[in-house]
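Colleague: I've got this model open and I'd like a close look at one part of it. Could you pick out one strand and walk me through its surroundings?

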Amino acid sequence: IMKKVLVVCGNGIASSSIMVSILQDYLKEKKIEGVDVQKASLMDCNTDKFNSYDLIVSSTKIDNPAVTTKIIIGAGLLTGIGEEEILEEVKKSLEG
């Protein structure tokens, strides 16, 4: 079964593209298959869109209590700070 991950960034698509490639490289390296990584800007997303994914990795906090999908704050993928922990959490969420 395909797992769907949505990478969200505050505005531009540039930062989410970077986050997507880091995630895809990591998944490949860890031999985690069957994951579809999509990207979107925060403004393009509504609750239904968020909730149609298995996991959200966002560069910024998503203030929407109606979102039931697990959200991982992935800003560290851009700064390199705490990157390992973020990737580890993504891996756990996808395997869990």
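What follows is a tour of one strand, with the rest of the chain as background.

Modeller: Sure, let's take strand E3, and keep in mind that this is a predicted model. To place it, start with the order of elements: from the N terminus on, the chain runs β-α-β-α-β-β-α-α. That makes four helices and four strands in total. E3 itself covers residues 55-58.

Now, which way do its side chains point? Leu55 and Val57 point one way from E3, while Ile56 and Ser58 point the other way. What I'd have you look at is that all of these residues are buried, on either side of the strand. For this model, buried means under 20% relative accessible area. As background, 38% of the 96 residues of the chain count as buried.

Next, the neighbours of E3. Strand E1, residues 3-9, is joined to E3 by four bridges, and the two run parallel. If you want one pair to click on, take Leu6, whose bridge partner in E3 is Ile56. E3 is also joined to strand E4, residues 70-73, again by four bridges and again parallel. A pair to click on here is Leu55 with its bridge partner in E4, Lys70. So E3 has bridges to E1 and to E4, and its residues are buried.

Stepping back to the whole chain, residues 24 or more positions apart account for 56% of the contacts with a separation of 6 or more. The radius of gyration is 12 Å, which agrees with the value near 12 Å that a compact globule would have with 96 residues. Along the principal axes, the C-alpha trace spans about 30 × 30 × 20 Å.

On the outside, the chain exposes about 5500 Å², and carbon and sulfur atoms supply 51% of that. As for charge, there are 11 positive and 14 negative side chains, with the centres of the two sets 2 Å apart.

For a contrast with those buried E3 residues, go to Lys31. Lys31 sits in the loop between helix H1 (14-29) and strand E2 (35-41). Is Lys31 buried or exposed? Its relative accessibility is 67%, so Lys31 counts as exposed. The backbone there is worth a glance too: Lys31 has a positive phi of about 55° although it is not a glycine.

Notes
Residues numbered from 1 in each chain as written. Predicted model: local features only at pLDDT ≥ 70, side-chain atom pairs only at ≥ 80, totals over all residues. Heavy atoms only, no water. Rg over C-alpha atoms; globule rule 2.2 N^0.38 Å. Buried < 20%, exposed > 50% of the residue type's maximum accessible area, 1.4 Å probe, protein only. Contact = heavy atoms within 4.5 Å. Areas by Shrake-Rupley, 256 points an atom, 1.4 Å probe, with all protein chains shown as cover. Lys, Arg positive; Asp, Glu negative; His and termini not counted. Charge placed at Lys NZ, Arg CZ, Asp CG, Glu CD. Pairing = 2+ DSSP bridges.
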